[in-house]
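Biologist: I should like to go through this model term by term. Please set each value against its definition before drawing a conclusion.

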Amino acid sequence: MARIVARNAVGQLADEWRREGASITLANGCFDLIHVGHIRYLQGAKALGGRLLVAINSDASVRRLKGEGRPAMPEAERAEILAALACVDAVVVFDEPDVRALIRDIRPDVQAKGTDYTAESVPERDEIMALGGRVEIVGDPKDHSTTDMLRRIGQ
């Protein structure tokens, strides 16, 4: 099973992976209620090669992004579910507004983003490029969302 890593220890984990010769792919998001779109995104990120680190927004961060009443599932449970997926090597919870600081800490080779982005529209693109990494868009078309799921079940 993948590890859930403390935010202040994730740089050390990345260094360990790099010493082992592994490349690092970073995927990030809220992952509030896991759906097939998340799975396809994470599998696509893992297919880029190397170790897959998944950064999830903290509960407070999700509330700032999505509004009151979110997340539907607490961060510890979201992290545990993601860590149980075969394609995920480690999970970290972050509270910052975006993953720029995390990118500086782990220096991933690739930042994988979902198809709701283009390589040019990824907010942290400048940060990953400055460190010699690249952005890749993976997953299926954005036909699935937690917001839609919650709406369908009457939340």
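Biologist: What pLDDT does the chain average, and what share of the residues score at least 70?

Modeller: The chain averages a pLDDT of 91, and 90% of the residues score at least 70. The term pLDDT denotes the predictor's confidence in each residue, on a scale from 0 to 100. This is a predicted model, in which local features need pLDDT of at least 70 and side-chain atom pairs count only at pLDDT 80 or more, while totals for chains, interfaces and linings use all residues. Residues are numbered from 1 along each chain as its sequence is written, and side-chain values use heavy atoms, with hydrogens and water left out.

Biologist: Which elements have the lowest and the highest mean pLDDT?

Modeller: Helix H7 (residues 146-152) has the lowest, at 60, and E4 has the highest, at 98. Where pLDDT is low, the predicted coordinates should not be read in detail.

Biologist: What makes a stretch of chain a helix or a strand here, and how many of each are there?

Modeller: Both are DSSP runs numbered from the N terminus: a helix is H or I over at least four residues, and a strand is E over at least two. On that basis the chain holds 7 helices and 6 strands. From the N terminus on, their order is β-α-β-α-β-α-α-β-α-β-α-β-α.

Biologist: What order do the strands take in the sheet, and what is their pairing?

Modeller: The 6 strands form an open sheet in the order E1-E4-E3-E2-E5-E6, with parallel pairing. Two strands pair if DSSP finds at least two bridges between them. Strands E1 (3-5) and E6 (134-137) are the edge strands, since each pairs on one side only. From one strand to the next the twist averages 25°.

Biologist: How do you know that E2 pairs with E3 and with E5?

Modeller: E2 and E3 share 6 bridges in the parallel sense, and 3 bridges join E2 (residues 24-29) to E5 (residues 110-113), again parallel. Set against the requirement of at least two bridges, both count as pairs. Gly29 stands opposite Ile56 in E3, and Thr25 stands opposite Val110 in E5.

Biologist: Why is E3 called largely enclosed?

Modeller: A residue is buried under 20% relative accessible area, exposed over 50% and partly exposed in between, with a 1.4 Å probe and protein chains only. In E3, 6 of the 7 residues are buried, so the strand is largely enclosed by the rest of the structure. Over the chain of 155 residues, buried residues make up 45%.

Biologist: Why is Ala79 called buried, and what does it touch?

Modeller: Ala79, in helix H4, has 1% relative accessibility, which is under 20%, so it counts as buried. Contact means heavy atoms within 4.5 Å. Not counting residues up to four places away in sequence, Ala79 touches Ile4, Ile56, Val91 and Val93.

Biologist: Is Glu77 of the same helix H4 buried, partly exposed or exposed?

Modeller: Glu77 has a relative accessible area of 42%. That value lies between 20% and 50%, so Glu77 is partly exposed.

Biologist: What makes the buried residues of H3 line one face of the helix?

Modeller: In H3 (residues 59-66), Asp59, Ser61 and Val62 are buried. Seen down the axis of H3, they fall within an arc of 160°, so they line one face; the arc is that of the directions from the helix axis to the C-beta atoms. Their cover includes strand E3 (51-57), helix H4 (75-83) and strand E4 (90-94). Ser61 has a relative accessible area of 2% and, leaving aside neighbours within four places in sequence, is in contact with Phe94, Asp95 and Glu96. Just after H3, Gly67 takes a positive phi of about 105°.

Biologist: How many disulfides are there, and why are Cys30 and Cys87 called buried?

Modeller: A disulfide is a pair of cysteine sulfur atoms within 2.5 Å, and by this rule the count is 0. Cys30 has a relative accessible area of 12% and Cys87 has 13%. Both values are under 20%, so both residues count as buried.

Notes
Axes are lines fitted to C-alpha atoms, for helices over the stretch in contact, and angles run from 0 to 180 degrees between N-to-C directions.
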